[in-house]
Amino acid sequence: MAETGSRLRKQLESANFDPQNYVKQLSQQSDGDRDLQEHRQKIQSLADETAQNLKKNVYKNYRQFIETAKEISYLESEMYQLSHILTEQKSIMESITQALLSTDKDETAKEMLAAFPKETEEVKQRTLTTLLEKVEGCKNIMEAPGRYLVYNGDLFEYDADNMSQIQKVHAFLMNDCLLIATWLANRRGTVKYKYNALYDLESFAVVNVKDNPPMKDMFKILMFPDSRIFQAENSKIKKEWLEILEETKKNKVAKDRHKKEEEVPTSPVRPEVSMNPFDEDEPLDSEELVDLSPEWIQELPEDLDVCIAQRDFEGAVDLLDKLNEFLKDQPVTPRVKELRGKVDERVRQLTEVLVFELSPDRSLRGGPKATRRAVSQLIRLGQSTKACELFLRNRAAAVQTAIRQLRIEGATLLYIQKLCNIFFTSLLETAREFETDFAGNTGCYSAFVVWSRSAMKMFVDAFSKQVFDSKESLSTAAECVKFASEHCRQLSEIGLDLTFIMQSLLVKDIKASLLSQKDVIIEATKHRNSEEMWRRMNLMTPEALAKLKDEMRSCGVSTFEQYTGDDCWVNLSYTVVAFTKQMMAFLEEGLKLYFPELHMVFLESLREIILVAVQHVDYSLRCEQESEKKAFILQNASFLHETVLPVVERRFEEGVGKPAKQLQDLRKSSRQVRVNPDSTMSVV
């Protein structure tokens, strides 16, 4: 059968497979309907197997698909930035070429501009002022001197992801910036628009969007890492926008270049030579001492742009370190200041990219080691405080996401085990990575301690919600707290002890749980006391008796054997035995939850529970008239005072580390019941 399936698979997978010929041959070779049905089942099973294999491959590579999609989006943003840089370079080259070829034309334009400067500028500014009066929230636009309107018009903005129309806008193109204003639905007087955004001409690139009906007459404005898409009314207006935007950007570049050329520093006046031999020689101009002619310095700003665009963060920081080392002992001259200004702008861009790398919006997979590259470069840039803040914010988001994605299981203890494994493993990895990244920045360690406290609060919130808010039993809560405490103590391996913080955050819930369980035990004991007949227990079967002996032995009552009689009888009351089991279980669970802040609450709870049983025995002795029953009550009282209470005191001292004075005083004061059972004095 397997060989037949393999042969059929090869036949269907062959490059020369012809379905029509295959069906024709199959019909001729088959003996009847049954053969066709069997062959159909074979093909169907092969199709199901192929579909299952495809599904497995998709699941196998699902995470790679997601990561690839994210990397594609990151590469797209980087391509936008690269396109922006290339567009700027192209415009600069075209401006230089045009300036070299049309010197006479520039001089003529300067003469015309000098002849009619005021009229042209006043008219343009008056037009801009009139239009901006219709825009709400842009009074400061006119504060920039020399700003005037170049072009304006209505556009429709579209979503870059799903190409759905967002809103209608009005764009104002000025000689140095682009203003986007949205239409107001409720107009007030002459105001028609509301301020939306203002972009410097050097901060964005304009890209034509190819027509794809019904999406046509569109163009895109790229501002790394974002972009906006606008649609003009028709192709003519779109062409005008593209041409005028490009021309305005070129004019601004040329104007800025002319300004730099005109700002030529004047040569210093040569001082007269003094004939006074006592005059000191003046130092030479410091600018002559700084040589900025090396090729790597001249190309440094452009090299930094390339490194940032290619995400070569280490190379960019290496260039900055090299420059700082070169200028370390050099005087600060105007040329050095100009170079510093260009470099500082690149440092700002590099910092923004590194900050984005550490933002929680990026993929949180890979653990804390995935942040090492960006953190180390920020530290090298002298921004260790910001690196520390962003690193801890990134890890907090990762921990929160991991806790939120944790599936809530039906068994509380199973969920808490998974929660502790995820949280404390993440905390341990974060601490080790922090110690590696910030080894030379001891001032950041206090920030990590503060972050650890906030992370622990996040953990305790999830822990309490599942354990205490859902009203789990005290035994389940004790196991969960014990498991979390063991994980917390493991952090001491790296010198981080958060046990006290976790206990202080849990003390309120644990205290409420202890008091609630105490009330339950007291109510159950009182209910059993009300039905007490003071009769011996008959367990009916030897197995039940053996089970009770094991339970008492596990509770620490090793002398229980002397209270068992013939066959399956126990020479104790059911009420006293049930109380002993419940009391010892409460003691063991309380010791698992114990820490110093709960000492008095735990001790008082034990005292109140014991007092209920002692009072009942005291009252029964004083009220019982039959000598046989009174002797049986005395035997139960002896079991409580001589066996149970000493075991409670010893176990409490072993678990806490100090004796329980209140329990000792209670046992001593209750001895008078055994010494003088006819006394009318109460233990209360």
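## A salt bridge within helix H21

Arginine 651 and glutamate 654 are three residues apart in helix H21 (residues 627–656), so about one helical turn separates them. In this predicted model, their side chains meet in a salt bridge, with an N to O distance of 3.8 Å. The two partners fall into separate accessibility classes. Arginine 651 has a relative accessible area of 27% and is partly exposed, whereas glutamate 654, at 55% relative accessibility, counts as exposed.

Elsewhere in the chain, salt bridges with shared partners join Glu202, Lys252 and Asp256 into one network.

## Salt bridges between helices

The structure holds 25 salt bridges in total. One of them is formed by the side chains of glutamate 608 and lysine 518, at 2.9 Å from N to O. Glutamate 608 belongs to helix H20 (residues 599–623) and lysine 518 to helix H17 (residues 499–530), so this pair ties together parts that lie 90 residues apart in sequence. Lysine 518 is buried, its relative accessible area being 10%. Glutamate 608 counts as partly exposed, at 31% relative accessibility.

Glutamate 551 and lysine 581 form another salt bridge, in which the closest N and O atoms are 3.0 Å apart. This pair also links distant parts of the chain: glutamate 551 is in helix H18 (residues 542–554) and lysine 581 is in helix H19 (residues 574–593), with the two positions 30 residues apart in sequence. Glutamate 551 counts as partly exposed at 26% relative accessibility. Lysine 581 counts as partly exposed as well, at 33%.

## Overall architecture

The protein has 684 residues, of which 38% are buried. Its secondary structure consists of 23 helices and 10 strands. Among contacts with a separation of 6 or more, 66% are between residues 24 or more positions apart.

## Surface

About 41000 Å² of the protein is exposed, and carbon and sulfur atoms supply 51% of that area. One nonpolar surface patch, of about 340 Å², is made by Val58, Tyr59 and Phe65. Tyrosine 59, one of the residues of this patch, is found in helix H3, which covers residues 33–60. At 59% relative accessibility, tyrosine 59 counts as exposed.

## Cysteines

The structure holds zero disulfides. For cysteine 388, the nearest cysteine sulfur is that of cysteine 444, at 4.3 Å. A disulfide requires the two sulfur atoms to be within 2.5 Å, so a separation of 4.3 Å does not qualify. Cysteine 388 is buried, with a relative accessible area of 3%. Cysteine 623, by contrast, counts as partly exposed at 40% relative accessibility.

Terms used. Residues numbered from 1 in each chain as written. Predicted model: local features only at pLDDT ≥ 70, side-chain atom pairs only at ≥ 80, totals over all residues. Heavy atoms only, no water. Salt bridge = Lys/Arg side-chain N within 4 Å of Asp/Glu carboxyl O. Helix = DSSP H or I, 4+ residues; strand = E, 2+ residues; numbered from the N terminus. Buried < 20%, exposed > 50% of the residue type's maximum accessible area, 1.4 Å probe, protein only. Contact = heavy atoms within 4.5 Å. Areas by Shrake-Rupley, 256 points an atom, 1.4 Å probe, with all protein chains shown as cover. Patch = residues over 30% accessible without salt bridge, like charges linked within 9 Å, V, L, I, M, F, W, Y side chains within 5 Å.
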